[in-house]
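Dear colleague,

I am handing over a structure that you have not seen before, and my notes on it follow below. Please look through the sequence and the model first, and then read on.

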Amino acid sequence: FVSRSRNLFDGKTTILMLCFGRPNYLKRAFESLLRNLPENSDIHKQTLFFRVSQDGKDPAIVSLVDDYIQRLIDLGYNAEHWFHKQLGLVPGVKDKMQGYYKLSNHYKYALDRVFKEMGSRRVIILEDDMDIATDFFEYMGATSVLLDKDKQLMAVSAWNDNGQVKHILYSHCLFY
């Protein structure tokens, strides 16, 4: 159990959402994020930094991201919208693999900014099609202690391939 009255994150933590061109998914991801912000958020406004890195400049995505960035700012959070220049076709790479190259290039751009430019201590990566659980920030805060103490640990994940509704048989179970 993590106390709701303390800061869940010791040091600067960036919440990084990567997006491209799926406005319906992105809107759902933003709503999930806003609905599940940490309680006692005044404590977290000094240590949580929200960045949305958009691959390209699709006007529908720009407008949607800017609206949500403003909502975070209105709540008192530090939030910015970044633009990554889309990678063109990579010579010698099969068509079906182009998307992976583009995505990894976008990740590199965003992570370089988070760590090299911002000097963040850690990053929580979200993508535009992710819904977060009600205890997401508590989980990340609790496991961040493990990252700090165990230098062999490189990452923690809240991703669960089996967490989708279609895979849940016993919704009353704590672990599945």
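What pattern does the chain follow when it is read along the sequence? The model, which is a predicted one, follows the pattern β-α-α-β-α-β-α-β-α, and its secondary structure comes to five helices and four strands. The chain has 176 residues, of which 37% are buried. Among the contacts with a separation of 6 or more, 73% are between residues that lie 24 or more positions apart.

I begin with the interior. The largest nonpolar core has 26 residues, and those with the most contacts inside it are I15, L26, F30, L33, F50, V65 and F137. At least two residues of this core come from each of β1 (13-19), α1 (23-35), β2 (48-55), α3 (59-74), β4 (122-127) and α5 (136-149), and the largest share, six residues, is supplied by α3. Apart from this core lies another one, of eight residues, which include F49, W82, Y107 and V114.

F50 deserves a paragraph of its own. Its relative accessible area is 2%, and F50 is therefore buried, since buried means under 20%. If its neighbours within four places in sequence are left aside, F50 is in contact with I15, L33, L37, L72, Y77, N78, A79 and E80.

The aromatic residues come next, and a search of the whole structure finds three aromatic pairs. In one of them, the ring centres of F50 and Y77 are 5.0 Å apart and the planes stand at 85°, so this pair is edge-to-face. This pair links distant parts of the chain, because F50 is in strand β2 while Y77 is in the loop between α3 and β3 (78-84), 27 residues apart. Y77, with a relative accessibility of 4%, also counts as buried. In another pair, the rings of F136 and F137 have centres 5.3 Å apart and planes at 80°, so that pair is edge-to-face as well, and both F136 and F137 are buried.

Charged side chains also meet rings in two places that I noted. K57 lies over the face of F83, at 4.8 Å from the ring centre, and the charged end of R113 sits over the ring of W82, 4.1 Å from the centre of that ring. W82 has already been mentioned as one of the residues in the core of eight.

Finally, there are the empty spaces. How many cavities of 30 Å³ or more does a search of the whole structure find? The search finds one, and the largest cavity has a volume of about 40 Å³. Its lining is made up of I15, M17, F30, L33, F50, R51, V52, L72 and L126, so you will meet F50 here once more. The elements that give two or more residues to this lining are β1, α1 and β2, and β2 gives the most, with three residues.

The second largest pocket has a volume of about 290 Å³ and is lined by 14 residues, of which F20, D55, G99, K102 and L103 lie nearest its centre. Two or more residues of the lining come from each of β1 and α4 (95-117), with α4 giving the most, five residues.

With best wishes,
A colleague

Conventions:
Residues numbered from 1 in each chain as written. Predicted model: local features only at pLDDT ≥ 70, side-chain atom pairs only at ≥ 80, totals over all residues. Heavy atoms only, no water. Core = buried A, V, L, I, M, F, W, Y, C linked by side-chain atoms within 4.5 Å. Buried < 20%, exposed > 50% of the residue type's maximum accessible area, 1.4 Å probe, protein only. Contact = heavy atoms within 4.5 Å. Phe/Tyr/Trp six-rings, centres within 6.5 Å; stacked < 30°, edge-to-face > 60°. Lys NZ or Arg CZ within 6 Å of the ring centre and 35° of its normal. 1 Å grid on protein atoms, 1.4 Å probe; cavity = no way out; pocket = protein on both sides within 12 Å on 5 of 7 lines; lining within 4 Å. Points joined across faces, edges and corners; volume = space filled by probe spheres on them.
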